[in-house]
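Please find below a colleague's note on the structure, set out as numbered points.

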Amino acid sequence: MKKLYMCTAMLLVILAGCQESEMPEDKEVNSAVPESMDASIVIKGKLEPGKEVILETTVKQGSQLVNEADEVQFEVRKSGQDKREMLEAKNTGSGMYQVMHTFEEQGKYIVVSHVTAKGLHVMPEKEVVVPEHESEGASVHPSTDVSIEFQSNPVKAGNSSNFEATVELNGKPLTNADVNFEVWKEGSEESHFTKAEEDGNGTYLNKVSFEESGTYKVQVHVEKDEVHEHQLQTIQVN
């Protein structure tokens, strides 16, 4: 009888030990739901048939900007048509992704931003209306003429170059504009944006570094109110 009691007691202790070992220490199930991701679409530039504009989307997760999205594409199709274009966007920093696009015809378009990041996918949509060309003399706004003069000092690999853009609107210095230098190596799909600092009298400048020699493209982007112009340059890095 004594042996039976001792065996029963030992069995209870073993079962209790097994049960305790099977329960994870400080059991915690990570049931937190990741914050939702949001993306907004902005069209930068004047919408006119045949005129290039910037398609831009800003991506956020909660209050945080997302700068490392897995993929960002813009889908563009004319309203009522099945034909569509898929355009790969480039990361320009501060959670922004951009691509240049030209709407060739007037009419309504649907622009969808396909954003994949952190295991999430969002598809914000925006309707874009491209008006007809204004007939000569029909506009109440005076025509604008933007000129961009770009300069850089000789560039060597491993060094930085001083980039300078002088911008005029209708023959007068354009001040308080948003000017950026977009740089990419010829043949590459990746580009880098450097914001230019205003130096007075419509002059904008900054330093841009080059790690490798070769032929590079420099696109000067100028934006202010309804003004959106760009100028493409080619430079050689020795």
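1. The side chains of serine 191 and glutamate 182 are joined by a polar contact of 3.0 Å in this predicted model. Serine 191 is located in the loop that lies between E14 and E15. Leaving aside residues up to four places away in sequence, serine 191 touches Lys90, Glu182, Val183 and Trp184. Because buried means under 20% relative accessible area, serine 191, at 16% relative accessibility, counts as buried.

2. Two of the residues touched by serine 191, Lys90 and Trp184, also form an arrangement of charge and ring. The charged end of lysine 90 sits over the ring of tryptophan 184, at 5.1 Å from the centre of that ring.

3. The two strands on either side of the serine 191 loop, E14 and E15, run antiparallel and are joined by four bridges. Across this pairing, glutamate 182 stands opposite phenylalanine 193 in E15. Glutamate 182 is thus to be noted twice: opposite phenylalanine 193, and in a polar contact with serine 191 through its side chain.

4. The pairing belongs to an open sheet of four strands, arranged in the order E15-E14-E18-E19 with antiparallel pairing. Strand E15 (192-195) and strand E19 (227-237) are the edge strands, each of them pairing on one side only. From one strand to the next, the twist averages 20°.

5. Asparagine 180 is placed in strand E14. What are its contacts, not counting residues up to four places away in sequence? Asparagine 180 touches Phe193, Thr194, Lys195 and Ala196, and also Gln219, Val220 and His221. A polar contact of 3.2 Å joins its side chain to that of aspartate 178. The C-alpha atoms of asparagine 180 and glutamate 197 are separated by 8.9 Å, the two residues being 17 residues apart along the chain. Is asparagine 180 buried or exposed? At 16% relative accessibility, asparagine 180 counts as buried.

6. Turning to the rings, the count of aromatic pairs comes to six. In one of these, the rings of phenylalanine 150 and phenylalanine 163 have centres 5.1 Å apart and planes at 85°, so the pair is edge-to-face. Phenylalanine 150 lies in strand E11 (residues 146-152) and phenylalanine 163 in strand E12 (residues 160-169), so this pair ties together parts that are 13 residues apart in sequence. Phenylalanine 150 counts as buried at 14% relative accessibility, and phenylalanine 163 counts as buried at 1%.

7. Phenylalanine 163 also pairs with phenylalanine 181, again edge-to-face, with 5.5 Å from centre to centre and 90° between the planes. Distant parts of the chain are linked by this pair: phenylalanine 163 is in strand E12, whereas phenylalanine 181 is in strand E14 (residues 178-185), 18 residues away. Both phenylalanine 163 and phenylalanine 181 are buried.

8. Which residues form one aromatic cluster? The members are Phe150, Phe163, Phe181, Phe210 and Tyr216. Through phenylalanine 181, strand E14 takes part in an aromatic pair, and strand E14 also holds asparagine 180.

Conventions
Residues are numbered from 1 along each chain as its sequence is written. This is a predicted model: local features need pLDDT of at least 70, side-chain atom pairs count only at pLDDT 80 or more; totals for chains, interfaces and linings use all residues. Side-chain values use heavy atoms; hydrogens and water are left out. Rings of Phe, Tyr and Trp (its six-membered ring) pair if their centres lie within 6.5 Å; planes under 30 degrees apart count as stacked, over 60 as edge-to-face and the rest as tilted. Buried means under 20% relative accessible area, exposed over 50%, partly exposed in between (1.4 Å probe, protein chains only). A charge sits over a ring if NZ of Lys or CZ of Arg is within 6 Å of the ring centre and within 35 degrees of the ring normal. Two strands pair if DSSP finds at least two bridges between them. Axes are lines fitted to C-alpha atoms, for helices over the stretch in contact, and angles run from 0 to 180 degrees between N-to-C directions. Contact means heavy atoms within 4.5 Å. A polar contact is a pair of N or O atoms within 3.5 Å; within protein, one must be able to donate a hydrogen and the other to accept it, and residues adjacent in sequence count only if both atoms are side-chain atoms.
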